[in-house]
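Good morning, colleagues. Please take a moment to look at the sequence and the structure on the screen before I begin.

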Amino acid sequence: MPPTTTLSPQALITAAKALIEAYNDKNWDRAKASITKDFVYDEVATGRNVTGREATIEAWQGWAQAFPDSKGSYQSVIVADKGGARWKHLQSKTAPRPKA
């Protein structure tokens with residue numbers, strides 16, 4: 001059985017928001033310090049799913065390299081047994097725009 005957290009719902013929300021803020025600051029050390037070894041990052045839009053600190057940071061660094069001005073925002077933060085956050089999307093002024 002996976003371990004359960006002893007953090008309060010508000011502490012889980014704060015932790016989830018801190019990860020997005022670490023991405024926005026491109027502060028990989030701060031992000032890594034907040035990610036557990038079994039952290040799961042699930043990109044719904046791309047279908048990519050990675051597990052762990054190193055793999056998550058590597059994925060995020062890839063997005064940051066492709067879109068240096070990208071910023072994450074949170075649409076909602078859902079507190080459940082395992083916790084979780086739903087990112088609204090990454091915004092970038094340099095990202096290519098789809099053609100109409």
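I shall speak about one helix, one residue within it, and the nonpolar core.

Please bear in mind that this is a predicted model. Let me start with helix α3, which covers residues 53–66. At 1.5 Å a residue, its 14 residues should span 20 Å, and the end C-alpha atoms are indeed 20 Å apart, so expectation and model agree.

Which residues of α3 are buried? They are T56, I57, A59, W60 and A64. Viewed down the axis of α3, these buried residues fall within an arc of 160°, and therefore they line one face of the helix. The face turned away from that buried side carries the exposed residues E54, E58 and Q65.

Let me turn to T56 in particular. Its relative accessibility is 0%, and since anything under 20% is classed as buried, T56 counts as buried. Apart from neighbours within four places in sequence, T56 is in contact with I35, F39, Y41 and V50.

I come now to the largest nonpolar core, which has 13 residues. Those touching the most other members are L19, W28, A31, I35, Y41, I57 and W60. Helices α1 (9–25), α2 (28–34) and α3 each supply at least two residues of this core. Which helix gives the most to this core? It is α3, with four residues.

Finally, consider L19. Again leaving aside neighbours within four places in sequence, L19 is in contact with A31, S34, I35, F39 and W60. I35 and F39 thus appear in the contact lists of both L19 and T56.

Conventions. Residues numbered from 1 in each chain as written. Predicted model: local features only at pLDDT ≥ 70, side-chain atom pairs only at ≥ 80, totals over all residues. Heavy atoms only, no water. Buried < 20%, exposed > 50% of the residue type's maximum accessible area, 1.4 Å probe, protein only. Contact = heavy atoms within 4.5 Å. Expected span 1.5 Å × (residues − 1). Arc of directions from axis to C-beta. Core = buried A, V, L, I, M, F, W, Y, C linked by side-chain atoms within 4.5 Å.
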